Amino acid sequence: MELERTEAVPAVPSVGIPAGRRTFLRWLLGFSVFSTLAMVATPVLGFLVPPKSTSNQAGGRVLAGTTADVPVGSGKVVAMGSTPVIVTNTAQGFHAFSAVCTHLGCIVAFDSTLGQIGCPCHGGVFNASTGAVVSGPPPAPLKPVTVVVEKDQIFLVNS
Amino acid sequence: MAGRDEVLGATTAPHSAVGAKPADTWLERRTGLGALSGALLHVRIPIESRTWYLGGLTLFLFGLQIATGTLLALYYKPTPDGAYDSVKFITSGVTFGWLIRSIHHWGANLMIICMVLHVVRIFWQGAYKHRREVLWLVGAGLLVVTIGFGFTGYLLPWDQRAFWATTVGTEIAGSVPVVGDSLLNLLRGGADVTEATLSRFFGMHVLVLPLLLAALLAVHLTIVHHLGLANPKKAEPNGPEPGGKLKPFFPNYVLDEVIAWYAVLAILVILASVLPAGLEDKANALETPPHIKPEWYFLFLYELLKMVPRLVGIVLPGIALGVLALLPFLDRNPEVRPRKRPIALGIGLLTLAAIAVLTVMGAG
Amino acid sequence: MMPTPRRDVFARLTRRAGAVAAICLFVAVVLARTAAAESPTPVVPTPTPSPAASAGASLGPSASLAPIATAAPVTTPSGSPGPTLPPVPKPIVHPSDASSNTCYDCHSAVNATQAQISSQWSDSVHGKNGVGCADCHGGDPRSTSMSVAMSPQAGFIGKPSKAVSVGVCGSCHSDAARMAQYQLATDEYAKYATSVHGQLLAAGDSRVAACIDCHGSHDIKKASDPTAAVYPLNVPKLCSSCHSNTQLMQPYGIPTDQYAIYSQSVHGQDLLQKADLRAPTCASCHGSHDAKPPKSSDVVDVCGKCHTATQALYEKSRHSTLDVGPKCWTCHGTHDVQPTSEDRLFHPTPPTVNCTICHDPVTNTFRLKTEQFATDADRRCDTCHHSASAEYAQASGIRDALVKASATYDTADAKLQQAAALGMIVTDADVALTEARTDLIQARAAVHTTQLTDVATLTDAAVAKAGEADAFADSKLSESTFRREAMVAVVIVIALNVFVLLAVRRRIHRDDHAAEGEAPVA
């Protein structure tokens, strides 16, 4: 046997519910529906509106600056998202490395007297073209970051 | 008394009762949907049926996953370079992004839990018997597709946890005898987990599996509608007997279902706010983190593989899945009451206990 | 072939006589040369007031300061050059052919001790590089006859005395041409002559350390061999094998607690516990072959050999311009260097200051009494600078700047961790926090300049960066709080909805119950 389908809802003897209460119940249901819709729509609509900061959105490439910002024989520390990166410009061209010193985590800087990357905390020195340790306590070279130069813009590629 | 129709408004077309809206409303004249909705809603179900609304909850959660997943897809970038940053951006940069992502994350977990509990309920009530074999098979398909959803979706944030859990998971798939290597290649889009893997997992997760699930779901619900809800108290090989007590599906059952849906929504909101989905370090193929574990619903399999030889660890669950799918054909006992099915329930309980113990061991 | 006892005794006597004769010859030559006011070996510099053995000055933190004053130090008298080692002798001339080493052949079978010595030699770096018994002991390694093999005519000197052994080692190891193939230095003999050990040995004291005491005699290994006694990680133990022995050190009045103190220090912990080869051993500061405690004026260079940046900073300070100004060891100690921080700049309560401690009222000059800094608690700025002085105010300013920067950093760090624990993503503040930490580390190092401006520039930068991270953490924390509050609101809305639905449900069931005239169903 198939499920019995309701052909007709049998007439129900009314036990006098005042019209006010009926309206109240309908109002409650309406509120229920409305509040649910509002509760759902608010985050959905908020989510759809694009946020103002688009720095991370580019997922992959970050503009580090222009070639004028980093002349030959200098280096500059920029933020690639939440990672500090040092961009150097040497005779071997543009290079970029993680700016976190491999010794104890200080942020390195370009040392113009040495022409290399130096860490101000304990005197570590890194090669500005290869990131290799030249002297001092750092145990490992700086991690390289891919750098792409288009016209006069320097991009760092997140990988 | 304000009858249910008074409060809710009748939707049956020509034969509606006192106080119902006119049959040919503006919409009705232009769509003719009244008859369909009436046919779907105005059915009756056995008074003894006890579903705990688990199947409906799974459906609700699936709908929620579609909604939140679609929203996430508006910002997500399925490349190794873009995936991590875009997920981080969603979580910390987009308004309510954390909420949508966390609901999606917890929704996935709850959906699997509800689905498993639904399967257990069906098993316990013998609701896979008496003309429900095809329904059960389709359900087995739904189970596999849902697990597939979980597996493919887990990789998408492309952080260390995602990457290495996928590596381990596909490695297990690669251990299947005979077809293992081809399967591994197929899953990973190559020999290793790379951007090719991310591409095909994304495509699976966002297109293939949703369409497949929707199709299976349509069949599943149609059959459920056709056969009605099972009666846990007595076997009904030919449907409910004439004298059987029934109650309306709409509004009684539907109302309870919606209340359950609200309750689960509240749980999801609490979980999303108190335990938001996090993000570990970006995936690094050269650095294996110390404790890689697959997601919790694979832990039992992972633990089993540690204890038995590889082959056994692959074949045994395979056989178990086969038995599960073919259960209605293997269990010919016409009884549905628990007392009359000691063997089936005994085996079922043991299997559940084993899976639970293995899961806990895997988590520890 | 078993040697007969008599021959053995005779041989030994001959060797001893030869050794004594050699020494007398050396001393005579030295005296003659000194008298001629011409010295090819470096003149031993007079020990100046240094944290060393001269009476009156104290040796840094060692607990046993008193013994210096009471014991009778056997040191060279100040003011006049003491006896020095003779010029390095030539290698022992002895017959040989390329392959024979009958010494080894016989001695390895004589008895257990000799057998051990023989096998030690054959395993040693000398044994593996063709330096045979005769090269150090003389004799004829071709002959199997003892009287020939161990004859003075063949150059046999037997077991050399300590002073002679130094010359034997030096005879090859100071020869640049010979050492070139091994890339070994050739200045050890010259350096040893300048050391306290060398000077004492030249004065006739053979209890001091010479080549064989540290490097071994038969079992010499390369210094780069981790099992060698002179391998850096093993050096403290080696030095302390004599220098921690109270009996041995008593005649010299040298304290014996250095090793114990050093092993508790930062340097000792790094070297001995963490096996960090960059950490200094005894030899790093005292020298190895030229071992002597560094002079007060040399200390900055000794510490600055590794701590180059700190030395550069120190040389900018007023302290470095004063002869009697504090040096590295004044505030940091010698053997007992510990990690330091900004709350170690002042005493908890200002000490009583007596002007004459630092100001000599008679000569109207500064003086620095090193015993004031003997205990760790007194290595503070206000041990010298009284609380009303301008220097005190400056040091106070430095301390306050550092404390503030440190506190700001710690607060920001704690807040970020708290936010992370609540599930917020905080990696965007990492850059600011790391920059703050970099500045803070540099600021702490800048204390050595004693310039408030130098320190303040860095602490201000650190505070600014830490402030950025702190603000970021605050925003994340307040967002987390907002989320939880919003969650409560949403759950309330959902609960209201559920109540409404439950009310409707009750209504419907009463409806059904009335319709069917039966007990309401669940």
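1. A helix here is a DSSP run of H or I with at least four residues, and helices are numbered from the N terminus. With that in hand, a good place to start is helix α24 (residues 452-516) of chain C. Please keep in mind throughout that this is a predicted model. α24(C) has 65 residues, and its end C-alpha atoms lie 93 Å apart. That agrees with the 96 Å it should span, because 1.5 Å is expected for each residue. After α24(C) comes Gly517(C), which has a positive phi, near 60°.

2. Where are the residues with the most contacts inside the largest nonpolar core? They are Ala462(C) and Ala469(C), and the core has 113 residues. The element that gives the most to this core is α6(B), with 14 residues. Apart from this core lies another one, of 33 residues, including Cys103(C), Val166(C), Val208(C) and Val235(C). As background, nonpolar side chains tend to be buried together in soluble globular proteins.

3. Ala469(C) is worth a click in your viewer. Setting aside neighbours within four places in sequence, Ala469(C) is in contact with Ala412(C), Leu416(C), Ala429(C), Ala432(C), Leu433(C) and Ala436(C).

4. Now for the place where chains C and B touch. Chain B puts 26 residues into the contact, and chain C puts in 19. On the chain C side, 12 of the residues are nonpolar, 5 are charged and 2 are polar.

5. Chain B has 15 helices and 2 strands. Its C-alpha atoms fill a box of roughly 75 × 50 × 35 Å along the principal axes. Of its 364 residues, 38% count as buried. Taking contacts with a separation of 6 or more, 78% join residues 24 or more positions apart.

6. A helix to look at in chain B is α7 (residues 133-155). α7(B) has 23 residues and reaches 34 Å from its first C-alpha to its last, close to the expected 33 Å. Its buried residues include Leu135(B), Trp136(B), Leu142(B), Phe149(B), Phe151(B) and Tyr154(B). Gly139(B), Thr146(B), Thr152(B) and Gly153(B) are also among the buried residues. What do they pack against? The buried residues of α7(B) pack against α6 (97-124), α8 (160-173), α10 (195-227) and α14 (327-330) of chain B.

7. A word on confidence in chain B. The mean pLDDT is 88, with 94% of residues at 70 or more. Among the elements of chain B, helix α4 (residues 54-73) has the highest mean, 97, and helix α1 (residues 4-8) the lowest, 51. Residues 9-20 of chain B have a pLDDT below 50, and this stretch has 29 contacts in the model beyond near neighbours in sequence. Where pLDDT is low, the predicted coordinates should not be read in detail.

8. Chain A has 1 helix and 10 strands. Starting from the N terminus, the helix comes ahead of the strands, in the order α-β-β-β-β-β-β-β-β-β-β. The domain assignment gives domain 1 (18-51) and domain 2 (61-157). The centres of these two domains, taken over C-alpha atoms, are 55 Å apart. Buried residues make up 28% of the 159 residues in chain A. Of the contacts in chain A between residues at least 6 apart in sequence, 40% join residues at least 24 apart.

9. The confidence in chain A also deserves a check. Its mean pLDDT is 81, and 81% of its residues reach 70 or more. Over residues 1-16 of chain A the pLDDT is below 50, although this stretch has 32 contacts in the model beyond near neighbours in sequence. By element, the mean is highest in strand β7 (residues 125-126), at 94, and lowest in strand β1 (residues 61-66), at 81.

10. Two residues of chain A make handy landmarks. Is Gly81(A) buried or exposed? Gly81(A) is buried, because 21 other C-beta atoms lie within 10 Å and 20 are enough to count as buried. Gly81(A) sits in the loop between β2 (74-80) and β3 (83-90) of chain A. Thr23(A) is 58 residues away from Gly81(A) along the chain, and their C-alpha atoms are separated by 56 Å.

11. The other landmark is Val133(A), in strand β8 (residues 133-135) of chain A. Val133(A) counts as partly exposed because it has 18 C-beta neighbours inside 10 Å. Leaving out residues up to four places away in sequence, Val133(A) touches Gly124(A), Phe126(A), Pro138(A) and Pro141(A). Between Val133(A) and Ser74(A) there are 18 Å from C-alpha to C-alpha, at 59 residues apart in sequence.

Key
Residues numbered from 1 in each chain as written. Chains lettered and ligands numbered in written order. Predicted model: local features only at pLDDT ≥ 70, side-chain atom pairs only at ≥ 80, totals over all residues. pLDDT = per-residue confidence, 0-100. Contact = placed C-beta atoms within 7 Å. Expected span 1.5 Å × (residues − 1). Buried ≥ 20, exposed ≤ 12 C-beta atoms within 10 Å, placed from the backbone. Nonpolar A, V, L, I, M, F, W, Y, C, P; charged D, E, K, R; others polar. Core = buried A, V, L, I, M, F, W, Y, C linked by C-beta atoms within 7 Å. Domains from an automatic or database assignment.
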